[in-house]
Amino acid sequence: MSLTLEREMPPLFEDSTGAIRVGNSRVLLELVIRAFQDGASAESIVQRYSTLSLSDVYTTIGYYLRHQDAVEAYLNLREQLAESVHQRLLSVQPDLSVIRSRLLSQQKQNL
């Protein structure tokens with residue numbers, strides 16, 4: 001019996017927003033990699049995100065380990081994008097502490 005060796009593509013796809021997702025799920029690559037970096041096993045990652053398959057998580061981790069520089073660059077870009085969105089939201093959203101203090105003041109007056 002012989003084993004046929006073949007190359008497999010990582011189970012990653014880029015969605016319409018440019019985010020990379022794992023397997024046939026909506027789970028982001030950064031969630032899987034950050035969980036792995038935090039010490040989570042592939043099995044525990046699958047428990048967290050039940051739409052992932054164990055083989056897809058192992059393959060994704062393997063891909064990350066073989067291409068760390070490229071994946072880290074992608075993850076850093078995603079973090080910068082998230083920070084940019086956060087800053088944009090802060091600039092258009094009112095200061096919630098002011099709203100909270102007004103509500104607390106009204107509650108105290110009603111007591």
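Which side chain of opposite charge is nearest to Asp56, and how many Å away is it? The close-ups below start there.

This is a predicted model, in which local features need pLDDT of at least 70, side-chain atom pairs count only at pLDDT 80 or more, and totals for chains, interfaces and linings use all residues. Residues are numbered from 1 along each chain as its sequence is written, and side-chain values use heavy atoms, with hydrogens and water left out.

**View 1. Asp56, a buried acid in helix H3.** Helix H3 covers residues 54-66; helices (H or I, at least four residues) and strands (E, at least two) are DSSP runs, numbered from the N terminus. Asp56 is buried, meaning under 20% relative accessible area, where exposed is over 50% and partly exposed lies in between (1.4 Å probe, protein chains only). The nearest side chain of opposite charge is Arg66, 12 Å away, and Asp56 has no salt bridge. Here Lys and Arg count as positive and Asp and Glu as negative, with His and the chain ends not counted; a salt bridge needs a side-chain nitrogen of Lys or Arg within 4 Å of a carboxyl oxygen of Asp or Glu. Beyond neighbours within four places in sequence, look for Pro11, Val22, Gly23 and Asn24 in contact with Asp56 (heavy atoms within 4.5 Å).

**View 2. Helix H1 and what it packs against.** In H1 (residues 29-37), the buried residues are Leu29, Glu30, Val32, Ile33 and Ala35. They pack against strands E1 (12-14) and E2 (20-22), as well as helices H2 (42-48), H3 and H4 (68-92). Glu30 counts as buried because its relative accessibility is 13%. Leaving aside neighbours within four places in sequence, Glu30 contacts Tyr74, Leu75 and Arg78. After H1 comes Gly39, with a positive phi near 100°.

**View 3. The largest nonpolar core.** Such a core is a set of buried Ala, Val, Leu, Ile, Met, Phe, Trp, Tyr and Cys residues joined through side-chain atoms within 4.5 Å. Of its 19 residues, Leu29, Val32, Ile33, Ile45, Leu52, Val57 and Val71 touch the most other members. H1, H2, H3 and H4 each give two or more residues, and H1 gives the most, with 4. Not counting residues up to four places away in sequence, Val71 touches Leu29, Ile33, Tyr63 and Tyr64.

**View 4. Leu81 in helix H4.** With a relative accessible area of 43%, Leu81 is partly exposed.
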